[in-house]
Amino acid sequence: MFDGSQMLDDGHVLITSESGSIEEIVDVGEAGDDIRVLQGILCPGFTNCHCHLELSHMKGRIPERTGLIEFVTRIIKDRHYSEEQILSAIEEAESEMIKEGIVAVGDICNNTLTITQKSKGRILYHNFIEASGLLDDMAEVRFERALNIYKEFGQQNLPGFSGSIVPHAPYSVSEELWKKIVHFPANKLMTIHNQETKSENELFFANRGEFINFYRELNVDPFIIKPSGRSSLQTYLQKFLSDQQLILVHNTYTSIEDVSYCTSFNRSSATYWCLCPNANLYITGELPDPALFDSSRVVLGTDSLASNHQLSLLAEMKVLRQHFPGIRTEQLLGWATINGAKALQLDNILGSFERGKKPGLVICDATLSACGRLL
């Protein structure tokens, strides 16, 4: 049994109520006769800290290893399908996550198309309403669009609704839009796509690299981003407010200097590093080294079916173990359970086997090759 913080031997028994609330963990000798014995590792339900459920209809539509800029371009141009197709794909994708033991999701939203599915209350969501726009004179329009989406989510009485308005990425948000986003009163939990490509750092260091042509294709001034002589993360991190918890996603080209900067800037205790290894391999073929980050602040995400073959945190754990065999099983499970719950500020009810919580129950093969949701 993995209880959210440590692995317990088979001399322990988990006791739950009929509704799934955790009552206690006891020694097997104290548990009585009615014990259900399971083969594998029993653990709390998983928390997927980064997903784009609304892009589920794009599964298999974009070739692998195009690089981030081509990938983003294809998303912009090719994401428009019939609403019927999109809603059907969303429902199927959510069902897949449930089957894979996922009980909570940090979901990126650029529209309201996931509301219908989320209203069923099968998974808890924190809805990250994404805002982007490089032109200062369009900042008000772009923010109002995100705000209207945020309000629509809030008005639907979604089970356990929580949400934020967040910046898409440092290369896609103007200074005026940054200000509107970070000062939105509800934004206590934030996320951003971080250093997913080498070109992102090149852009902020010296205003060069692939983003210059990308901006030209968008009919935007190619030098609209002013170089800082520092990495992307070291340029934008100070824009967030001190009381805002932050999930940095992908971190493919984050350096040890960036991590140290985060610490020196007093952000380390309010920052989580979200790894999406299968999406990284799908888009660029590169992976960040998890050893760069404080293990207690690492969480996992699947990204979207546009950049992944499945929405499974177990699949993310498997690929990390393949590339970094030194990672212990307890670490991987901790990243997928209690760390993820803390990152989404849901650890009062999810992430560990503690009295009164209702985290869901998942049974995993001892080699992390398969899993199933029990509750």
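## Strand pairing around S12

Two strands are taken to pair if DSSP finds at least two bridges between them. In this predicted model, strands S3 and S12 satisfy that criterion with four bridges and are antiparallel. Within this pairing, Cys43 lies opposite Val362 of S12.

Strand S12 comprises residues 361-364. Leu361 and Ile363 are directed to one side of the strand, whereas Val362 and Cys364 are directed to the other, and all are buried. S12 is also joined to S13 by three bridges, again in the antiparallel sense. Cys364 is placed opposite Cys371 of S13. The two strands, S12 and S13, form a hairpin with six residues between them. In the turn, Leu368 adopts a positive phi of about 60°.

## Helix H2 and its surroundings

Helix H2 covers residues 83-99, a run of 17 residues. With 1.5 Å allowed per residue, the span should be 24 Å; the end C-alpha atoms are 24 Å apart, so expectation and model agree. Just after the helix, Gly101 has a positive phi of about 85°.

The buried residues of H2 are Ile86, Ala89, Ile90, Ala93, Glu94, Met97 and Ile98. An α-helix has 3.6 residues a turn, so residues three or four places apart point the same way. The cover over the buried residues of H2 includes strand S4 (46-51), strand S5 (102-109) and strand S6 (124-131). Helix H3 (115-118) and strand S13 (371-373) are also among the covering elements. Strand S13 thus appears in two settings: it pairs with S12, and it helps to cover H2.

## Ser232 in helix H8

Ser232 belongs to helix H8, which consists of residues 232-236. Is Ser232 buried or exposed? Its relative accessibility is 0%, and therefore Ser232 counts as buried, the cut-off for that class being under 20%.

Apart from neighbours within four places in sequence, Ser232 is in contact with Pro170, Gln195, Glu200, Asn201 and Phe204.

## A nonpolar surface patch

Val28, Ile35 and Val37 make a nonpolar patch of about 250 Å² on the surface. One of these residues, Val28, is located in the loop between strand S2 (22-27) and strand S3 (41-44). S3 is the strand that pairs with S12 over four bridges.

Val28 has a relative accessible area of 43% and is therefore classed as partly exposed. Membership of a patch requires over 30% relative accessible area, a condition that the 43% of Val28 meets.

Note on methods
Residues numbered from 1 in each chain as written. Predicted model: local features only at pLDDT ≥ 70, side-chain atom pairs only at ≥ 80, totals over all residues. Heavy atoms only, no water. Patch = residues over 30% accessible without salt bridge, like charges linked within 9 Å, V, L, I, M, F, W, Y side chains within 5 Å. Areas by Shrake-Rupley, 256 points an atom, 1.4 Å probe, with all protein chains shown as cover. Salt bridge = Lys/Arg side-chain N within 4 Å of Asp/Glu carboxyl O. Buried < 20%, exposed > 50% of the residue type's maximum accessible area, 1.4 Å probe, protein only. Expected span 1.5 Å × (residues − 1). Contact = heavy atoms within 4.5 Å.
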